[in-house]
Number of protein chains: 6
Amino acid sequence: MKRKLWGSLTSWELSCIIDKNPVLVLPVGSFEQHGAHLPVDTDTHIGNELALQAVEKATYPCLLLPPLWMGIAEHHMYFSGTITISYNTLYNLLKDITRSYVRHGGSKLLLLNSHGGNVAPLKTAVNEIHAELDLEIVLVTYWDLVSHKVMQLRKSPLGGISHACELETSLKLYLRPEDVRKELTEPHVVPGNHYLSPEMFSSNKITVPMSFEELSSKGHIGDPTKACSEFGKAVFEEAVKELSRIINLFGEGKLW
Amino acid sequence: MKRKLWGSLTSWELSCIIDKNPVLVLPVGSFEQHGAHLPVDTDTHIGNELALQAVEKATYPCLLLPPLWMGIAEHHMYFSGTITISYNTLYNLLKDITRSYVRHGGSKLLLLNSHGGNVAPLKTAVNEIHAELDLEIVLVTYWDLVSHKVMQLRKSPLGGISHACELETSLKLYLRPEDVRKELTEPHVVPGNHYLSPEMFSSNKITVPMSFEELSSKGHIGDPTKACSEFGKAVFEEAVKELSRIINLFGEGKLW
Amino acid sequence: MKRKLWGSLTSWELSCIIDKNPVLVLPVGSFEQHGAHLPVDTDTHIGNELALQAVEKATYPCLLLPPLWMGIAEHHMYFSGTITISYNTLYNLLKDITRSYVRHGGSKLLLLNSHGGNVAPLKTAVNEIHAELDLEIVLVTYWDLVSHKVMQLRKSPLGGISHACELETSLKLYLRPEDVRKELTEPHVVPGNHYLSPEMFSSNKITVPMSFEELSSKGHIGDPTKACSEFGKAVFEEAVKELSRIINLFGEGKLW
Amino acid sequence: MKRKLWGSLTSWELSCIIDKNPVLVLPVGSFEQHGAHLPVDTDTHIGNELALQAVEKATYPCLLLPPLWMGIAEHHMYFSGTITISYNTLYNLLKDITRSYVRHGGSKLLLLNSHGGNVAPLKTAVNEIHAELDLEIVLVTYWDLVSHKVMQLRKSPLGGISHACELETSLKLYLRPEDVRKELTEPHVVPGNHYLSPEMFSSNKITVPMSFEELSSKGHIGDPTKACSEFGKAVFEEAVKELSRIINLFGEGKLW
Amino acid sequence: MKRKLWGSLTSWELSCIIDKNPVLVLPVGSFEQHGAHLPVDTDTHIGNELALQAVEKATYPCLLLPPLWMGIAEHHMYFSGTITISYNTLYNLLKDITRSYVRHGGSKLLLLNSHGGNVAPLKTAVNEIHAELDLEIVLVTYWDLVSHKVMQLRKSPLGGISHACELETSLKLYLRPEDVRKELTEPHVVPGNHYLSPEMFSSNKITVPMSFEELSSKGHIGDPTKACSEFGKAVFEEAVKELSRIINLFGEGKLW
Amino acid sequence: MKRKLWGSLTSWELSCIIDKNPVLVLPVGSFEQHGAHLPVDTDTHIGNELALQAVEKATYPCLLLPPLWMGIAEHHMYFSGTITISYNTLYNLLKDITRSYVRHGGSKLLLLNSHGGNVAPLKTAVNEIHAELDLEIVLVTYWDLVSHKVMQLRKSPLGGISHACELETSLKLYLRPEDVRKELTEPHVVPGNHYLSPEMFSSNKITVPMSFEELSSKGHIGDPTKACSEFGKAVFEEAVKELSRIINLFGEGKLW
């Protein structure tokens, strides 16, 4: 596995792998409040674990960078412990890292996102970076890969999966159960309407910038009391399978 | 109607309306290639017409600015006539306009988007602007308001609505038929796969920055030969109804 | 006429015209207070009408973009309804639009300015853009084309033409008389001195940044009560004649 | 005199003078080619000498900073020795210096410009800085103060005064004759037309960004062979008189 | 120990610790070539290990963020695997993180640097951030803490410690020996002169920007063949002792 | 000597010298408080005098620009008369000047710094500029050239030389004695500790951003009462000797 971790390789070793036209995976997470029961590194932790296992499983040559542990989380800043960076900081950080990779000969980059606040900014950024640097980019937000599995297995109805919710809590219970302050979980479902809903797997007709404290005094939305390790395991393994498949297809030029 | 057009009012008249806490509507469009059969102002034209009629229909006090006729369209630049601006240009333009409005006392802004390339950048921008300026913002992309109606009435199967397609051509046939070079319409359906599809009403599992010429040598994707004025009329009227309703709900504080 | 409007043409049609090395005309206006009697779109409206007629009259191939309806108007911000953008926003907007044009093969750009606050910023910007992009640029502020005619025909002495004044009110009376709240016109002449005068056709020895409310409680300077449609017509037609002549000379390489 | 030079004073001495609400004078020049016969510091030298004498003559408390010796001179870059900075560099430099002054309590700034390429950028910059910082600013370009005197005394007809011309060469002959390579002076008059002329005291109807080598193979425009020390002296003394008067009026709040 | 890792804590737990006015430690490293024998994460790894142990040992309340694993390494870009970011990217990243901390009430930040190319940029950045945000900052580059110990124990003469050298190789042999490709170590001493030397513990009279390949074809400078785990241990433990002492003194307000 | 001053030469003369591949010297100073007894231009004055004499003495072809008289001095802003610019302003100013030089064919630049607050920013800037523009750069801070001489001849123990101290006051007594308000000199030694000391010739283990008023109510640190012209002369002449030697070695490609 170490042979796929960028940081653990020497310059010469990396040069040999980059010659094989690998897929470089860069996880982008966040440090932001996750209610009373989950630590602030939840998004970064989930994304990184997923990247590690998918990279290990992938058969096409690939490399993994450490996660960007900070993301765009202004809407969580009311709650202590949240770190947020601006769009331009994120964009320039991504562009500088990508440009370094391209200068060494790299041409395939996969960004693995694990934070809701990063979705639109990363789409914006990859389009700009693609226009400026000569490489192929694929952007994945992990829950888009597992919607079918989630809808199949979730215990909570719509509204139960949003933030520090049934899904994220289940993933943590599977990946590192000691991180979950189980005694502090409680349901906090915010009902949506025709236009707008915080549920992760509903689509919204409009976008309304909002701060999280307007929706939740504790910081979480959804029903973490429905979380269980089994659900976390099923979803995580599905995500690993899908992501490693995407790496292989991307590498082989068969993704689109 | 003129009493709702920002530009046709005097400073004092605007001051009186802004005192009523109106909803300010700003259409954001694009000038970009629309295949062989539609003019490059298609997105801007559709968005502006929609805004005009919705503002007229709305009962809550509102004001309308002229559209930003340029948007983010780098992926169309292979084709002549496309104008593109960078994210930062768009963001700063929106921020400066919004800040002017806020300095005059305004507190409700509705951005009406009519261009695919603007979706993620506008989401990114409104979140940043909301954090910097003290006002409420609602962002709407018009086709999100009419997905149900479109799926009900479209003639083409999935794949037929993407760009300069059955939907956009129908809207133009309804709004300004002389703009459609009908003899030049032809189908160009790009099949999607499990992860990715250009169809406007499919959701994608991944994002891949691509230039349009990779997908279409003429510039359009979908089936404009299925377009008809009646479909355009039905969709447009539904969009007007929904948008004016959103203006009213937003104004009355009942949108969420 | 439509064949000269960028927005109403298809990509392929634009490509054919750009092959003829046309002059692209881009009006730059402003939305800013114009006293009690004129709407805030006065500058943008005048500039756009002038561009439309000059482009129509010109014999050299040319294309017209919609106006940038917002300009630099910080000095009017005391009065409601004024929209202002920063220099860098204006510069980047112009640069992005110009770069798009150059990428499609364009090489001649004419900016038509109709707002006092844009004069120095546009001069600054065209010099920077000319150094960065490979094209010829001509910048025109419309009243510089008609100074002789204005001085011949004006009824007010020096001091009467400055802002929402005899000139602008006359142009509006000619172009769209229903826009003029005639009953609200009143003279407000601000006398200049040896160094400084707000009169549009006096030259100043010094520049002093000032906010308009320091000079006028209603927002206008000059004498709109002297305005008449005939004066507006004479000046407007002179401007159209001069501007179309400049387009032709510019196109034919005979302007300098 | 030293008591008016910012740099030669101690912090405490400056504090005492700033308490008197002085006028701070900052010359802005350029290092740019001046043909075969004048050194590249011509603009900076003239502006600085003028500032020194005007400050000495002024009776209202004032302070003088050393000149910004670099300006915006892209249009001279074809010729060796020209230094040019971008608008944003100039703007930020001016803003940082001005902000430092304002933080120490200063509220009156006079920029003395002596370079054609700086005129529009400085107008643009002072309007932006005035909107951001709480102080009064006056911008003077020295030749605007002496147009009457120049037109009275010049030997060359229109066309003779533009760049490294009768005027600048005369000023140098008066201020530092050893700087003039007299044997290398020759006339190079560029005739203008109805719209455009390089003559310093003609007004132009249009602006066309141009590089100097398009107009002059040696770099100068005008007729330096007509230059003489007496003309330089008369113009310089007039400029000193006017500038010191402006300082006094500005200080006393009587300039406008 | 987990109680000191920012990421493993919940929002509420962090809020409680920040109430105690803790020292926040942020390691700043680099991913850059380290010759043939060390992996590219060497700097980040050393800095992070040091931070972990110092934070554990410190008695004053403190918190640790994950390292910024990327730094300023343009001078290593000739060698594959190096990632470099610009000064502004680093500055904005630090400012955004710091501002988030300050908004939650934090007031003491310790940056722990472990990369030579970051030294001047971090000094520049902390001075700017200190002027903009209301907090105390201490910047430490680890080898400045152990110069005495290094000079006492090193086996190589001056010249032996520079990059991927006796010191860094020894630290890696102590911290994670499997990372060292021992068979690939070889001496590469670059002799300095009166003005300039690459030796880490010599002071230079001048600064000359240089790319590493000008000095070393393999990428390392110094003598890694002299490295041993004991030297690494001694230096590392000294650094932990000093750094934990600095955290305590900083926290107690006794550092200066 | 004049033949080495950029500003006093014509474009053609500069072109001839630049053809010889000269060393261009650009002094970077500061206008900042120097206690009660020294003027605010102290740094700029010392650096400029040093540059003038070194350039005169150097035998390799060289050119001298006027000093940048403003630097980074935020930490002195509590005291009146200090001018400070941001890092980005300084960086862009240097880059624009350097780029102009490179466009004329220049390839060797020596920055002579004379201000403590500029040290890290200039190191940061020259590394960035070196990566962007194709030229060699040497950065010198003058006191680094004379440490040996200073330690030999100083009268004050460690602590006596920091800011407006024995060294700077002695240099001023030698270069322009009338600038020293001798009656206002008094000692103000700030003792350092194991980690940190304001003494110019001590090395610090840590960096702590601090405002000068925290350390000195009058603005100076050190012992200016120990200053004498002889010490100033000895140090200055040593600096001239070293700097001219560096110019020659740099020019001849023998500096490293």
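This passage walks through how the chains are arranged and how one sheet is built in a predicted model.

Starting with the chains, A and E make a neat pair to look at. Chain A drops onto chain E with an RMSD of 0.0 Å after a turn of 180° and a shift of 0.0 Å along the axis. The two copies are thus related as by a two-fold rotation axis. On the chain A side, Thr89(A) has the C-alpha nearest that axis, at 3.1 Å from it. The interface tells a matching story: 100% of the interface residues of chain A are interface residues in chain E too, so the copies meet through the same surface. Chain D, on the other hand, has no contact with chain A, and the closest C-alpha atoms of these two chains are 19 Å apart. Chains B and D don't make contact either; here the closest C-alpha atoms lie 13 Å apart.

Turning to the sheet, five strands line up in the order 2(E)-1(E)-3(E)-4(E)-6(F), giving an open sheet with mixed pairing. Strand 2 (62–64) of chain E and strand 6 (206–207) of chain F sit at the edges with a single partner strand each, so one side of each has no neighbour in the sheet. Within chain E, strand 1 (residues 23–28) and strand 3 (residues 108–113) run parallel and are joined by five bridges, with Leu26(E) standing opposite Leu111(E) of strand 3.

Helices come next. Helix 3 (residues 87–103) of chain E packs on the sheet and touches strands 1 and 3 of chain E, its direction making about 160° with that of strand 1. Helix 2 (residues 42–57) of chain E lies across strands 1, 2 and 3 of that chain, running at about 165° to strand 1.

How values were computed: Residues numbered from 1 in each chain as written. Chains lettered and ligands numbered in written order. Predicted model: local features only at pLDDT ≥ 70, side-chain atom pairs only at ≥ 80, totals over all residues. Heavy atoms only, no water. Contact = heavy atoms within 4.5 Å. Least-squares fit on C-alpha atoms with pLDDT ≥ 70 in both. Pairing = 2+ DSSP bridges. Helix = DSSP H or I, 4+ residues; strand = E, 2+ residues; numbered from the N terminus. Axes fitted to C-alpha atoms, helices over the stretch in contact; angles between N-to-C directions.
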